[in-house]
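Colleague: I am new to this structure and would like to learn how to read it, one feature at a time. Could we begin with it in front of us?

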Amino acid sequence: MSTANDIVRSAEAEVSWTALANASIAESWILLALWADTVQVHALFLEPEAQMIVPASTPVEGGRYPALSALLPGAAWYERMIRDLWGHTADGGTDARPWLDHGTWPHLHPMAKRPEPRIAPEPFMFADPGFDGAMVLPLGPIWGRLDEAAHLRLTLDGPAIRRAESLLGFHHKGSLTLMRGKSPRAAARFAARLSADASVAHSVAFAQAAESAMDVVLPARASWLRIVMMEVERVAGHLDNLAEVGRLGGTQAVWTCCGLLRENLLRASDAAFGHRLMMDCVAPGGVAGDIAEGGPQVLLRALGAVASQLESLRRLHDGSALASLLAGLGRAGAELATSLGAGGVVGRASGRAFDVRTTFSPGYAPLTPRLAIRTAGDAAARQQLRIFEIEESLRLISAALDALPDGPVIVALPQVSGEGLGCAESIRGDVWHWLRLDHGQIAAAFPRDPGWALWPLAERVLENAAADDAGLIRASFALPASGMDL
């Protein structure tokens, strides 16, 4: 099994940045992330055949760097984010509009060497509808529930959606600036708050990046406890999504059953780890604290209740009115999902057999996680996979608790310089964190949330769908916002 740090760095001096993008197309590489610091722009590619991670960097000269979006459409959103935060312009980019900055920040390019004060607010401009007689239906950013704020603008031609365009950034927290200059342990709280329902996954990926940069070996007990927390988080997240799709699909039994099971599991997590979302329970070098006495039994009781309802949930999703409603809805093709790097349930429902637990997470190797793949790519396939993954997570949690060894749960961290990469599989797909340390302090950081791939895919899937189906399609994708808003 590879690790996230089996990497080959390609600098612009060794291979042209644009040539690397061309090579990625020819060899079906997948762009995982694109980000910057004050002097360079960095990219992270996945080479799927060899299961190898390839980082690349190019210098910023005169505030400009070669764009990737003309060759790799998924790079466009990253290029907009880079311009907002660092002020670097992508030469030849396909979209130069702002992304995170909605025109109200007091300073332009807050992560540049010398941020400039903003003179006046700048309104955000959406894309032109493209044809006469178009009706525009704005959805969000406030959805009336506890959903994360995100704006979805639908251009309609009668009842059909002809264009879908999203705008995020409403949850911008300044996380990258807050991390900079702090020790990994002091900055871990910001990673844990990037996305609440993926708090553990982001925390684990961040901790792995720090441990890699410092060449720290994780205690065995801490490794197993992290697996328990990640899988508990996965079960809770999938139950939440099943409940929401059931609510929108008019199936009260799914909504109430999954909502109750999730609430009981969150209470068990609080009893076992001290927090309902297990936030701040993972720390670089291990975990913040051991599982409570009696915690495994509390978790297993809550998970046993979930297991007892799985067959009933399957019946409600197979051959029922809900199944008929979801069949064929929001279909994402395999080629499109793979080209954008969509992972998690959405990617696997479209035939992309990728899960970092089986490729870049050695701690999972003794458990041999099982993957289920579907090819239909529709909402029904995504819901079926969520039920399968809940069942598989129950098995992994039980095995991890049985294998839990005695020993310490955290080790001291050295004050060294280095660069590290970490990853984890969240409820929506692969999370990646990159860190550069300078004598034990964070000099630069970037977290890649699965939403960077899911939102562009959802926009494409919504095209030509019925406007009435937009809410259900969005829910079946479980689209996040906070993790991308940084």
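**Rings, sheet and cores**

Modeller: Let us begin with a single residue, Trp452, which counts as buried because its relative accessibility is 2%, and please keep in mind that this is a predicted model.

Colleague: Which ring has its centre 4.5 Å from that of Trp452?

Modeller: As a general idea, a pair of aromatic rings is described by the distance of the centres and the angle of the planes. Here the partner is Tyr78, and since its ring plane stands at 20 degrees to that of Trp452, the pair is stacked. The two rings join distant parts of the chain, with Tyr78 in helix α2 (residues 75–86) and Trp452 in helix α14 (residues 451–462), 374 residues apart. Tyr78 is buried too, with a relative accessible area of 3%.

Colleague: How are the planes of Phe360 and Trp432 set?

Modeller: Those planes are at 70 degrees, with the ring centres 5.7 Å apart, so this pair is edge-to-face. Phe360 sits in the loop between α12 (356–359) and α13 (379–403), while Trp432 belongs to strand β15, and 72 residues separate them. Phe360 counts as buried at 2% relative accessibility, and Trp432 does so at 1%. The structure holds seven aromatic pairs, and ring pairs also link Trp35, Trp434 and Phe446 into a cluster.

Colleague: You mentioned β15, so how should I read the sheet around it, and in what order do its three strands stand?

Modeller: In general, strands of a sheet pair through backbone hydrogen bonds, either parallel or antiparallel. In this case the order is β14-β15-β16, in an open sheet with antiparallel pairing. Because β14 and β16 each have a single partner strand, they stand at the edges, and one side of each is left without a neighbour in the sheet. From one strand to the next, the twist averages 15 degrees.

Colleague: How many bridges join β14 to β15, and how many join β15 to β16?

Modeller: Nine bridges connect β14 (residues 418–426) with β15, and seven connect β15 with β16 (residues 441–448). To follow the first pairing, find Ser426 opposite Gly429 and Glu425 bridged to Asp430; these strands form a hairpin with two residues between them. For the second pairing, find His433 opposite Pro447, and notice that in the hairpin of β15 and β16 His439 takes a positive phi near 50 degrees. Strand β15 (residues 429–438) is mostly covered, with eight of its ten residues buried, and helix α5 (residues 199–214) lies across the three strands, running at about 155 degrees to β14.

Colleague: Which residues touch the most other members of the largest nonpolar core?

Modeller: The general idea is that, in soluble globular proteins, nonpolar side chains tend to be buried together. Here the largest core has 135 residues, and Met81 and Phe273 touch the most other members. Helix α6 (residues 220–248) gives the most to this core, with 14 residues. Leaving aside neighbours within four places in sequence, the contacts of Phe273 include Leu225, Val228 and Met229. Apart from this core lies another, of 16 residues, among them Phe206, Ala209, Ala210 and Leu437.

Colleague: Finally, which residues are buried in helix α1?

Modeller: An α-helix has 3.6 residues a turn, so residues three or four places apart point the same way. In α1 (residues 17–26), Trp17, Leu20, Ala21 and Ser24 are buried. They cover an arc of only 100 degrees around the axis, which puts them on the same side of α1. Just after α1, Ser28 takes a positive phi of about 60 degrees.

Technical notes: Residues numbered from 1 in each chain as written. Predicted model: local features only at pLDDT ≥ 70, side-chain atom pairs only at ≥ 80, totals over all residues. Heavy atoms only, no water. Buried < 20%, exposed > 50% of the residue type's maximum accessible area, 1.4 Å probe, protein only. Helix = DSSP H or I, 4+ residues; strand = E, 2+ residues; numbered from the N terminus. Pairing = 2+ DSSP bridges. Axes fitted to C-alpha atoms, helices over the stretch in contact; angles between N-to-C directions. Contact = heavy atoms within 4.5 Å. Core = buried A, V, L, I, M, F, W, Y, C linked by side-chain atoms within 4.5 Å. Arc of directions from axis to C-beta. Phe/Tyr/Trp six-rings, centres within 6.5 Å; stacked < 30°, edge-to-face > 60°.
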